[in-house]
Structure formats: structure tokens, C-alpha cells
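Student: Hey, could you walk me through this structure? I'd like to learn how to read it piece by piece.

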Amino acid sequence: MNDRIEKRIELKAPISRVWRAITDYREFGEWFRVKLEGPFVPGQVSRGQITYPGYEHIKWQAIVQSMEPERLFSFTWHHSVEPDADIFKEPTTLVEFRLEKAEAGTLLTLTESGFENLPDAIRLESFRRNDGGWTEQMKNIEAYVAQKP
Amino acid sequence: MSRRNPDRKTAARRGQAPVFAALGDETRLSLLSKLSSGQPRSISELTHGSRLTRQAITKHLRVLQRAKIVRCSRSGRESLFEFNPQPIEELRSYLDLVSEQWDQTLTRLKSFVEN
């Protein structure tokens, strides 16, 4: 099992366009579905309100880490669903957007790491919410047993 | 898998089960594979066939126990160790959830920059 999430996606747009989409706070807000209070500044907290339907009560809080033009944008954020969670007190994970030139335009590699920092409670909560856990596991066992009587 | 070993004090202060740290070790993984059948085993059984001493195996079992991946019960004078898959399942389930959310978010980014 991996302790990080990694996604690679090719975007049919020049690297400069993708860089703007991920680092201009208004553009970021459009696709990420968050209304941000102001621009991203390395070392500073970014605040806002999630606009994704059903999650509007959740505040966005992240600490911008790196902004290397057209190469790397990264921030840390927390995973608490408590409305009064504080980014400085919660354990965080690191989110990195890396950009490279690709034939079609831009190759974006997204990684999120540091899940070992998260407390049990958060994992447990999502585990209960997410029907995938034990129910799925039981089905796997059933299927396995059925195949090999 | 992370090879980093967060120090024990930090992990204890946060009150977390350091599942990744517990899994990032060959000996502990091999102990888990011995326990994965579901059958509770004693330290002697787990030490059998290993080059490690009983003390070393005990130390590794304690790490797994702290991460709640292994449960310990007593049978007479013996301690029996048993595999508990729940913390690993929780972690996998959470990573799946976050992973799925990123897929959706990146799909929105894709249409945002391509249109």
C-alpha cells in the first residue's frame, strides 16, 4: 500500500496557461470550487470558502509552500471536517502540482503525501462514511470463497 | 511505502496509530504475513524459522500492537498475537476517497484549461 497519492494528467494547453490556472487565486477557485480571499503567497495562509455543492460549510485553509514559475506549486492543508479547525494546529498533508512540457501541451503531476501524519479519527470517520470498507471486504471474501469451495 | 520512522514520542503525542511506520519494515511485514491467516500465534511460533531473537521479535510485535495492526491476548502463560486488519483497511479506504476526489478535481482543471 502506498502512503502517497500520485496522479499524472496531460493537458492540451501550454504550460503558461496551466500555471496561471493553478496559481491565480481566482482561476484556481473556478475549477477547485473554492472562493479564495486573496492571491497565493509562499509562506502565507490562503483562506476561503469551499463552493462545491454540499460542502459549502467547509472553510478552505492552506499554507502556500512553493511557487516556482511554470514548474512547481505546492501547499499544505489539513483534512479536518470540523468548521473551527485551525491549519496551524491540525496535522497536514503536502499537495504538489508539478508541470512539465509534453507533446500535447503540459504534463501535470499531482502528488499528495504525509498521510501518516493524520490522526486515527479522520481516517475512521471517512471509513464509516465510505461504504467501501468492510462491506466491500466482506464481498471480496464471499467471492473468493465462492470461487474456491 | 514510507521508510521514514517518525520518532515514537511524536507519534504518541499525536495519539495516532503509526500504521505506515509499522509497515515500513521487512521483519514486521514478514510477521504480518505469518499472522495474516487469522490464526493467533505465540512468540515461540513467530520466532521459529527466523534468524532474529525472541526479544527482537517481541519488540517488532509491540510496534505492530501500538499501531493496532496486531492484537495480543493471553492463553494461560502464553501471549498470543493476532492480526487486526481494520487500521490498514481504514487507511486504504481513506486514500481511495482522497484519490477519487483528486480525479474529479483534475478533470475539472482539464476542462477549465482546454476550453
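**Chain B, then chain A**

Tutor: Sure! To start, the accessible surface of chain B comes to about 6600 Å², and 47% of that belongs to carbon and sulfur atoms. Keep in mind that this is a predicted model.

Student: In what order do the elements of chain B run from the N terminus on?

Tutor: Chain B has six helices and three strands. Walking along from the N terminus, you meet them as α-α-α-β-α-α-β-β-α.

Student: What share of the residues of chain B count as buried?

Tutor: A residue counts as buried when its relative accessible area is under 20%. Chain B has 115 residues, and the share of them that passes is 42%.

Student: Which strands of chain B stand at the edges of the sheet?

Tutor: The three strands make an open, antiparallel sheet in the order 1-3-2. An edge strand has a single partner strand, so one side of it is left without a neighbour in the sheet. That's the situation of strand 1 (41–42) and strand 2 (70–75) of chain B.

Student: What angle does helix 3 of chain B make with strand 3 of chain B?

Tutor: Helix 3 (residues 26–35) of chain B packs on that sheet and touches strand 1, strand 2 and strand 3 of chain B. Its direction and that of strand 3 of chain B make an angle of about 90°.

Student: Which residue is the bridge partner of Ser42(B)?

Tutor: Strand 1 of chain B is joined to strand 3 (residues 78–83) of chain B by two bridges, and the two run antiparallel. In strand 3 of chain B, the partner of Ser42(B) is Leu80(B).

Student: On to chain A. Which side chains of strand 1 of chain A point to the buried face?

Tutor: Along strand 1 (residues 4–11) of chain A the side chains alternate between two faces. Arg4(A), Glu6(A), Arg8(A) and Glu10(A) point to one face and are not buried. The buried ones on the other face are Ile5(A), Lys7(A), Ile9(A) and Leu11(A).

Student: And which residue is the bridge partner of Glu6(A)?

Tutor: Strand 1 of chain A pairs with strand 7 (residues 105–113) of chain A, antiparallel, over eight bridges. Look in strand 7 of chain A for the partner of Glu6(A), and you'll find Thr111(A).

Student: How many bridges join strand 4 of chain A to strand 5 of chain A?

Tutor: Strand 4 of chain A also pairs with strand 3 (residues 45–50) of chain A, through five antiparallel bridges; there, Val45(A) stands opposite Ile63(A). Towards strand 5 of chain A, Glu68(A) stands opposite Leu72(A). That pairing is antiparallel too, and its number of bridges is six.

Student: What is phi of Glu70(A) near?

Tutor: Glu70(A) sits in the loop between strand 4 (59–68) and strand 5 (72–78) of chain A. This hairpin has three residues between its strands. Glu70(A) counts as partly exposed because its relative accessibility is 32%. Its phi is positive although the residue isn't glycine, and lies near 60°.

Student: Which residue with a positive phi follows helix 2 of chain A?

Tutor: Go to the loop between helix 2 (25–32) and strand 2 (34–36) of chain A. The residue there has a phi near 65° and is partly exposed, at 30% relative accessibility. The residue that follows the helix is Arg33(A).

Student: How many residues of helix 2 of chain A are buried?

Tutor: The buried residues of this helix include Phe28(A) and Trp31(A). They pack against several elements, among them helix 1 (15–23) of chain A and helix 6 (86–114) of chain B. The helix is mostly covered, and of its eight residues the number buried is six.

Student: Which residues have the most contacts inside the largest nonpolar core?

Tutor: This core has 57 residues. Helix 6 of chain B gives the most to this core, with nine residues. The residues with the most contacts inside the core are Phe28(A), Trp60(A) and Phe97(A).

Student: Last one: which side chain makes a polar contact of 2.9 Å with that of Thr93(A)?

Tutor: Thr93(A) lies in strand 6 (residues 92–102) of chain A and is buried, with a relative accessible area of 1%. Residues in contact with Thr93(A) include Phe75(A), Trp77(A) and Leu118(A). The polar contact of 2.9 Å goes to the side chain of His79(A).

How values were computed: Residues numbered from 1 in each chain as written. Chains lettered and ligands numbered in written order. Predicted model: local features only at pLDDT ≥ 70, side-chain atom pairs only at ≥ 80, totals over all residues. Heavy atoms only, no water. Helix = DSSP H or I, 4+ residues; strand = E, 2+ residues; numbered from the N terminus. Buried < 20%, exposed > 50% of the residue type's maximum accessible area, 1.4 Å probe, protein only. Areas by Shrake-Rupley, 256 points an atom, 1.4 Å probe, with all protein chains shown as cover. Pairing = 2+ DSSP bridges. Polar contact = N/O pair within 3.5 Å; in protein donor to acceptor, adjacent residues only side chain to side chain. Contact = heavy atoms within 4.5 Å. Core = buried A, V, L, I, M, F, W, Y, C linked by side-chain atoms within 4.5 Å. Axes fitted to C-alpha atoms, helices over the stretch in contact; angles between N-to-C directions. Lists of a residue's contacts leave out its neighbours within four places in sequence.
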